Each structure stands twice: as C-alpha cells, then as structure tokens.
Amino acid sequence: MNFRKGKVHEEPEINLIPFIDVLLVILIFLMVTTTYSKYSELQITLPTATAENVPVRPKELVVSVDASGKIALNNEPVRYEHPAQLASEMRKRAIMQDDGKGPVVVVSADGAARHQNIVNVLEAARLAGLNRLTFATVKPE
C-alpha cells in the first residue's frame, strides 16, 4: 500500500562543501603543528675510502688548502683574492695531457679547513675549465 500519493521519491544528496572546509582546517592544523628538522643538528661521520693505487697516473694539479685557508698550487703558495683570480693561476699551471684533456685537479684539504674555502677551489676549477676533480684522502690504519 502506498499512502503517499503524488510525492516523488527524492534521491539522497551529500553536500561536499562542509567536508572540504573540515579537510582544509585539518590541513592547516597539520602544517602549523609540524616540526621541521634542522640540518645543523645532524651528527655526520664521514666515511673513509680505500682504493687501489693507479698504475698509470695522469697529470695532476694539486691544490692544497690548509686549516687557515691558505692555498697552494703544486706546493707553490698562491694568494687567493677571488675564484676568477685562482682560476687564471690554475690555467697557468695546468699541463694538457696527450688526449687533449686537462689535468686531474687533486684537492688536498686539511680536515679543519672551512667548507667555503673548498667551494672556492671547486668554483675556480670550473671557471678554469678543469672538470676532472678528485679529493686526496688517507688510508685508515
């Protein structure tokens, strides 16, 4: 028996606008309360490297950086002013190899040297067009 004559059956409808409002409030709450880690708080222990000696050594340009930031090219002290000046000094001392490639730039830095000094040496090598780089390490005992 159908006692409701004349009424049309309506489909249920879900209103999404309050749902979206609640999700936005939750998202804002999570963004505000999230803690971000700081990289300065990381304790980093760098690995040691072991490698076999290369029988044929390519021509090298050794760039030494001491703890006070003084730079030497092939054991000759160089006054550092800016990366472009160091790049010109590196170009003067670079000996081209038989295959037309530049020498391998060996960065030999003191463990206590500032990171910015090493970045300055890498920038100077890039400006000088010397793209073959390596870092000098010691074998662990």
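This is a short talk through one protein structure: its sheet, a pair of helices, some salt bridges and two unusual loop residues.

Hi everyone. Before anything else, please keep in mind that what you have on the screen is a predicted model.

Let's start with the sheet. Strands of a sheet pair through backbone hydrogen bonds, and they can do that either parallel or antiparallel. Here we have an open sheet of 5 strands, and the pairing is mixed. In what order do the strands sit? Going across, the order is 3-2-1-4-5. As you walk across, the twist averages 30 degrees from one strand to the next.

So who stands at the edges? Strand 3 and strand 5, residues 133-135, do, and each has a single partner strand, so one side of each has no neighbour in the sheet.

Now let's go through some of the pairings. Find strand 1, residues 60-65, and strand 4, residues 104-109: they run parallel, joined by 6 bridges. If you want one pair to click on, take Val62, whose bridge partner in strand 4 is Val106.

Strand 1 also pairs with strand 2, residues 71-73, and this time the sense is antiparallel, over 3 bridges. A pair to look for here is Ser64 with its bridge partner Ala72 in strand 2. Strand 1 and strand 2 make a hairpin with 5 residues between the strands, and in that hairpin Gly69 takes a positive phi near 100 degrees.

On to strand 4 and strand 5, which pair in the parallel sense over 3 bridges. The pair to click on is Val107 and its bridge partner in strand 5, Phe135.

Okay, back to phi for a moment. Most residues other than glycine have a negative phi. With that in mind, look at the loop between strand 2 and strand 3, where you'll find Asn74. The phi of Asn74 is positive, near 50 degrees, and Asn74 is not a glycine. Asn75 sits in the loop between strand 2 and strand 3 as well. Asn75 isn't a glycine either, and its phi is positive too, at about 65 degrees.

Are these two buried or exposed? Asn74 has a relative accessible area of 31%, so we call it partly exposed. Asn75 comes out at 68% relative accessibility, so that one counts as exposed.

Next, the helices. Two packed helices are described by the angle between their axes and the distance between the axes. For helix 2 and helix 3, residues 115-128, the axes come within 8 Å and cross at roughly 60 degrees. That makes helix 2 oblique to helix 3. The crossing of helix 2 and helix 3 is right-handed.

Which residues make the contact? On helix 2, they include Pro83, Ala84, Leu86 and Met90. On helix 3, look for residues including Asn120, Val121, Ala124 and Leu127.

Last topic: salt bridges. Side chains of opposite charge can pair when their charged atoms come close. How many salt bridges does this structure hold? The count is 5.

Here's one to find yourselves: Glu76 and Arg93 meet through their side chains, at 3.3 Å from N to O. This pair links distant parts of the chain, with Glu76 in strand 3, residues 76-78, and Arg93 in helix 2, residues 83-93, 17 residues apart. As for exposure, Glu76 has 42% relative accessibility and counts as partly exposed. Arg93 is partly exposed too, with a relative accessible area of 22%.

Stay on Arg93, because it also forms a salt bridge with Glu89, where the closest N and O atoms are 2.7 Å apart. Both Arg93 and Glu89 lie in helix 2, 4 residues apart, which is about one turn of the helix. Glu89 is at 18% relative accessibility, and buried means under 20%, so Glu89 counts as buried. Put the shared partners together and you get one network of salt bridges joining Glu76, Glu89, Lys92 and Arg93.

One more before we stop: Arg79 forms a salt bridge with Glu81, with the closest N and O atoms 3.0 Å apart. Arg79 counts as exposed, at 63% relative accessibility, while Glu81 is partly exposed at 45%.

That's everything from me. Thanks for listening!

Methods
Residues are numbered from 1 along each chain as its sequence is written. This is a predicted model: local features need pLDDT of at least 70, side-chain atom pairs count only at pLDDT 80 or more; totals for chains, interfaces and linings use all residues. Side-chain values use heavy atoms; hydrogens and water are left out. Two strands pair if DSSP finds at least two bridges between them. Helices (H or I, at least four residues) and strands (E, at least two) are DSSP runs, numbered from the N terminus. A salt bridge is a side-chain nitrogen of Lys or Arg within 4 Å of a carboxyl oxygen of Asp or Glu. Buried means under 20% relative accessible area, exposed over 50%, partly exposed in between (1.4 Å probe, protein chains only). Axes are lines fitted to C-alpha atoms, for helices over the stretch in contact, and angles run from 0 to 180 degrees between N-to-C directions. Angles under 35 degrees count as roughly parallel, over 145 as roughly antiparallel, 65 to 115 as roughly perpendicular and the rest as oblique. A crossing is left-handed if the near helix is turned anticlockwise from the far one by less than a right angle, and right-handed if clockwise. Contact means heavy atoms within 4.5 Å.
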